[in-house]
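Reader: I should like to go through this model in a series of questions, with each answer reasoned from the coordinates. May we begin with the strands and turn afterwards to the ligand?

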Amino acid sequence: MKKLIKNFAIFFIVFLIIAAIFSSFATQGDKAETVGLETLISQINSGQVSDIVVVGNKINVTLKDGKKEMAQKEAVDSFSTLLNNFKVDPSKMVGVSISVKDESGLDYWLANIIPFVLPFLLVGVFLYFMMRGLQNANSRAMSFGQSTAKDFAPDEKSRVTFKDVAGAKEAKEELAEIVEFLRYPKKFHELGAKIPRGVLLLGAPGTGKTLLARSVAGEAQVPFFHMSGSEFVEMFVGVGASRVRSLFQKAKKSAPCILFIDEIDAVGRRRGAGLGGSHDEREQTLNQILVEMDGFEPTQNIIVIAATNRPDVLDPALLRPGRFDRRVVIDLPDLKDREAILRVHSRRKPLAKEANLKTIAERTAGFSGADLANILNEAAILAARSGRKEIVNEDLFEAIEKVMIGPERKSRVITEKEKKITAYHEAGHALVAHFSPTADPVHKVSIIARGSAGGYTLKVPSEDRHMHAKSEFISEIAVLLAGHLVEKDIFGEVTTGATSDLRRATALARSLVTDYGMSDKLGPRTYGEKEEMIFLGREIHEQRDYSEKVAEKIDEEIANFIKAGEEEAKTIIVEHRTQLESIVAALLEKETIEKTEFENLVGPKPKAA
Ligand code: ADP
Ligand code: MG
Ligand code: ZN
């Protein structure tokens with residue numbers, strides 16, 4: 001209804017404009033006075049006329065005194081016949097210039113036709129818009145259950161291939177096989193081999209799952225249907241299932257092809273878990289996916305690739321042979337891969353000669369491919385902002401910190417007292433991190449606010465690690481507590497600045513006890529069943545599988561681990577008091593200390609035994 005009113009308003013406005021144009025046309029014509037033929041003839045006879053222009057049946061007359069007149073003649077007679085009929089003396093016509101114009105001029109047509117046609121035209125346009133509105137609404141309703149899959153058969157230029165995916169060697173090898181299946185299916189069918197139906201890509205966010213899936217399609221040069229798990233789910237039960245059906249139908253028509261379901265955990269969560277209404281729809285959608293995957297013939301050459309970063313919540317039925325039986329795990333990139341990814345993304349960016357991607361890779365342990373791509377982008381922006389033509393190392397380092405902690409907030413006003421507290425706090429973190437042999441080395445200490453932090457100490461692991469020992473965790477707790485401890489030591493009381501440190505230390509200590517089995521008292525077992533349940537939009541995690549008594553013991557052990565960390569930190573702080581003061585002095589003076597400067601102040605980092 002609103003639309004109708006809107007259309008009508010548009011119609012009305014257009015009408016007004018046209019009417020306005022017309023009236024201006026009309027008044028222009030009105031300036032010439034309309035006269036009868038007799039008047040005209042008498043004027044000719046009395047020699048008042050200087051100029052006559054005949055356009056069709058209209059006679060435009062200009063008098064000698066400049067006045068304009070207009071007369072109408074009969075259609076059949078020409079002007080000269082007219083003059084004859086009125087017996088005008090030819091000598092009277094000598095001084096009068098007569099010209100006859102073709103009446104096909106634009107003005108003529110406009111003036112003659114528009115008054116008749118325009119109303120119809122306007123009504124037509126109005127109806128057209130109305131119909132179109134209705135039709136849109138209609139087709140939207142009709143296509144509600146259709147899949148909204150985006151199909152791209154990419155052209156040469158924008159095609160993504162394995163070359164665009166750096167690192168991920170194992171994953172690429174696995175997927176190369178899939179490419180082979182799609183390109184030469186006969187080779188495999190002849191030997192009676194079944195082509196896998198589903199491939200599940202597992203990996204942390206930003207590790208390049210979506211990118212890999214697209215590169216498979218690019219390598220195999222087959223159509224690629226892309227749909228995200230959440231796109232199946234609408235408010236109404238049954239829509240998801242119907243979309244799945246239509247998606248597979250589309251795919252079957254253009255086989256061989258790849259059907260990619262991104263973020264499949266949105267629909268593929270374990271069935272039966274979850275409170276509230278939404279899981280009903282999800283279950284139906286999931287069931288339909290299972291049915292469709294079972295339904296297509298092995299000779300149909302459709303390969304379903306799905307991606308998720310939550311394999312733990314997937315329904316076991318999805319993982320059964322014949323469905324997503326191939327699993328490809330994509331790890332966070334290691335040092336070599338990080339450098340390769342940086343290289344890929346710096347292809348179209350002008351890097352300064354001295355810019356060293358290897359050092360950037362070294363400083364970014366634990367970063368995903370997406371983070372690295374982001375770093376290069378941020379660096380380019382920083383370079384552009386400072387008016388450089390090339391990206392230099394500085395830009396890259398700054399970008400790392402920006403991505404890690406947030407942008408610097410130099411403008412935040414802090415009092416001298418706050419500055420001093422922050423300096424001691426960060427110096428505490430840095431000192432303990434440095435002198436605790438198993439903690440990661442310090443790369444930078446700063447008391448410039450960044451993101452939500454008042455200051456920060458940047459520690460970077462010297463190598464890629466996948467396993468950690470108990471002593472490392474204790475050191476980590478010590479480092480986290482150090483800021484708080486130093487504040488208390490120096491100022492006699494603590495500020496709110498240490499809250500997130502304490503929270504992280506506590507969470508770490510809890511994991512030591514309940515997840516890693518590192519408590520001697522409680523033994524090598526885990527505590528608490530982590531189960532996914534969605535209730536009112538919140539995930540409720542833990543389910544207790546231990547008694548009240550054990551819970552007490554867990555709390556005790558957590559306290560013990562925190563105590564151990566505290567002791568370690570205290571020892572270091574007491575032993576290296578002078579160095580602490582020199583870090584603080586340097587921080588208050590320069591606000592930021594880099595790695596080499598820091599090591600000059602405090603000496604080399606002790607080696608782990
Ligand atoms: P995911 O789907 O795993 O969350 P994406 O595939 O969307 O991650 O990756 C996000 C972006 O990160 C990609 O568009 C790409 O720019 C970059 N990226 C991630 N991994 C790689 C890689 N191995 N090589 C090159 N670029 C990568
Ligand atoms: Mg993705
Ligand atoms: Zn802190």
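Reader: In the hairpin that E3 and E4 form, which residue in the turn has a positive phi?

Author: This is a predicted model. In it, strand E3 covers residues 58–63 and runs antiparallel to E4, with five bridges joining the two. One of the facing pairs is Lys58 opposite Gln72 in E4. Four residues lie between the strands of this hairpin, and the one in the turn with a positive phi, of about 90 degrees, is Gly66.

Reader: Which residue takes a positive phi in the hairpin of E2 and E3?

Author: Strand E2, residues 49–55, is joined to E3 by six bridges, and the two run antiparallel. Within this pairing, Val53 has Asn60 in E3 as its bridge partner. The hairpin leaves two residues between the strands, and a positive phi near 60 degrees is taken by Gly56.

Reader: What is the order of the strands in the open sheet of five strands with mixed pairing?

Author: Strands of a sheet can pair in the parallel or the antiparallel sense. Here E3 and E4 run antiparallel, whereas E2 and E5 pair in the parallel sense over five bridges. E1 is parallel to strand E4 (residues 68–72), and two bridges join them. The pairing of this open sheet is therefore mixed, and the order of its five strands is E1-E4-E3-E2-E5.

Reader: Which strands stand at the edges of that sheet, each with a single partner strand?

Author: The outer pairings can be followed residue by residue: Glu33 has Glu69 in E4 as its bridge partner, and Ile52 stands opposite Ile98 in E5. Each edge strand has a single partner, so one of its sides is left without a neighbour in the sheet. The two strands in question are E1 (33–34) and E5 (97–101).

Reader: In the open sheet of three strands, which strands stand at the edges?

Author: This sheet has the order E13-E12-E18 with antiparallel pairing. An edge strand has a single partner strand, so one of its sides is without a neighbour in the sheet; this holds for E13 (456–459) and E18 (592–594).

Reader: By how many degrees are neighbouring strands of this sheet turned against each other on average?

Author: One neighbouring pair is strand E12 (residues 442–446) and E18, which are antiparallel over three bridges. Ser446, for example, has Thr592 in E18 as its bridge partner. With direction ignored, the average turn between neighbouring strands of the sheet is 10 degrees.

Reader: Where does Glu591 lie, given its positive phi?

Author: Glu591 is a residue other than glycine, yet its phi is positive, near 70 degrees. Its place is in the loop between helix H20 (577–590) and E18.

Reader: What is the value of phi at Ala168?

Author: Ala168 lies in the loop between strand E6 (150–151) and helix H5 (169–183). The residue is other than glycine, and its phi is nonetheless positive, near 45 degrees.

Reader: Between which domains does ligand 1 lie?

Author: The shell of ligand 1 comprises 15 residues, the closest being Ala166, Gly206, Lys209, Thr210 and His345. Residues of this shell come from two domains, so the ligand lies between domain 2 (151–330) and domain 3 (335–404).

Reader: How much of the area that ligand 1 exposes when taken alone does the protein bury?

Author: Several polar atoms of the protein approach the ligand. One of its oxygen atoms is 3.1 Å from a polar backbone atom of Gly208, and an oxygen atom is 2.8 Å from an N or O atom in the side chain of Lys209. A nitrogen atom of the ligand is 2.8 Å from an N or O atom in the side chain of His345. Of the 560 Å² that the ligand exposes when taken alone, the protein buries 80%.

Reader: Which elements give two or more residues to the shell around ligand 1?

Author: By class, the shell has seven nonpolar, six polar and two charged residues. The elements that contribute two or more residues are helix H7 (209–220), helix H12 (335–345) and helix H14 (369–385).

Definitions and conventions: Residues are numbered from 1 along each chain as its sequence is written. Chains are lettered from A and ligands numbered from 1 in the order in which they are written. Side-chain values use heavy atoms; hydrogens and water are left out. A residue is near a molecule or strand if one of its heavy atoms lies within 4 Å of it. A polar contact is a pair of N or O atoms within 3.5 Å; within protein, one must be able to donate a hydrogen and the other to accept it, and residues adjacent in sequence count only if both atoms are side-chain atoms. Accessible areas come from the Shrake-Rupley method with a 1.4 Å probe; for residues, only the protein chains shown count as cover. Ala, Val, Leu, Ile, Met, Phe, Trp, Tyr, Cys and Pro count as nonpolar, Asp, Glu, Lys and Arg as charged, and the others, Gly among them, as polar. Domain bounds come from an automatic or database domain assignment. Two strands pair if DSSP finds at least two bridges between them. Axes are lines fitted to C-alpha atoms, for helices over the stretch in contact, and angles run from 0 to 180 degrees between N-to-C directions.
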